Amino acid sequence: MGEAKRRQTGGAPTGQSRGGKRTGWMITGGAIALALVAGVVWLSQPPAAESPSLPVAAEDAGPFPAELDQYGVSIGPADAPVVVREFADYQCPACANFAEASQKLKAEFVASGQVRFVYFDLPLRQHANAIPAAMAARCASDQDQYWPMHERLFARQSAWSDSESAAEIFTRYAGDLGLDQSRFRRCMATDLHREAIENSAAVARQLRVMSTPTVMVDNIPLTRPGWGQLSAVVERELAR
């Protein structure tokens, strides 16, 4: 029987039947892909401020001892209704990931006077360049450039994290920020701010903070440090 005859007596040719199956698989695959994308978008949405899944303070938790803030570096009004505190290590990858959230916090809540942000140095022993990085930020602070250096250290963490000449890299960053490099080098070489860094780490030990980043909104520790949970908890506390 010829091909034309088979079309008349047997319906669609075998090739078309296979094509129909392929089309069905493509439609099914496309539907699955759309569902996956929708799921990712849903998961990436920040929780609502009234969500019961958001962390709360422990039942026996008192207010954060605000007198300890002097050992951190702060930005924002002293009388801000909400205070966000971060204990972090400049060489910690998870801390570098959180840096984007802290920048958003400063832009959206600190700049408007609603939040004060306090950063505590907690350099971990396994990170050889953590203390030099903390020193670099504080040496930049002597020339009013703490936060620009702070953000640059996190943004370029991979460039200096494993370097044996991290101080030279930090000095180059200082030059990029318009600082007096000679003054910056002296500050680094003399460990001018080591005591301040050690005092900051001592606060963490006093509060039994062991991991980085540890982020607290007033006396509420975040369980998933990131912009979604951070912004939702801040908005909830501001509304109270």
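**Aromatic pairs.** I searched the whole structure, which is a predicted model, and found nine aromatic pairs. I looked first at F109 and W227, whose ring centres lie 6.2 Å apart with the planes at 45 degrees, so I recorded the pair as tilted. I then located the two residues: F109 belongs to helix α3 (residues 93-110) and W227 to helix α10 (residues 227-239), so this pair ties together parts that are 118 residues apart in sequence. I noted that F109 and W227 are both buried.

I turned next to F117 and W147, which form another tilted pair, 5.8 Å from centre to centre and with 45 degrees between the planes. F117 sits in strand β3 (residues 115-121) and W147 in helix α5 (residues 146-155), so I entered this pair as a link between distant parts of the chain, 30 residues apart. I checked accessibility as well: F117 has a relative accessibility of 0% and therefore counts as buried. W147, at 14%, also counts as buried, because the limit for that class is under 20%.

I also recorded one aromatic cluster, formed by Y90, Y119 and F154.

**Helix crossing.** I examined helix α4 (residues 130-141) against helix α9 (residues 194-206), and found that their axes come within 10 Å and cross at roughly 115 degrees. I therefore entered α4 as roughly perpendicular to α9. The crossing of α4 past α9 is right-handed.

I listed the residues that make the contact: I131, A134, M135 and R138 from α4, and R194, A196, I197 and S200 from α9. Sorted by class, the contact of α4 with α9 comprises five nonpolar residues, one polar residue and two charged residues.

Terms used. Residues numbered from 1 in each chain as written. Predicted model: local features only at pLDDT ≥ 70, side-chain atom pairs only at ≥ 80, totals over all residues. Heavy atoms only, no water. Phe/Tyr/Trp six-rings, centres within 6.5 Å; stacked < 30°, edge-to-face > 60°. Helix = DSSP H or I, 4+ residues; strand = E, 2+ residues; numbered from the N terminus. Buried < 20%, exposed > 50% of the residue type's maximum accessible area, 1.4 Å probe, protein only. Axes fitted to C-alpha atoms, helices over the stretch in contact; angles between N-to-C directions. Parallel < 35°, antiparallel > 145°, perpendicular 65-115°, else oblique. Left-handed = near helix turned anticlockwise from the far one by under 90°. Contact = heavy atoms within 4.5 Å. Nonpolar A, V, L, I, M, F, W, Y, C, P; charged D, E, K, R; others polar.
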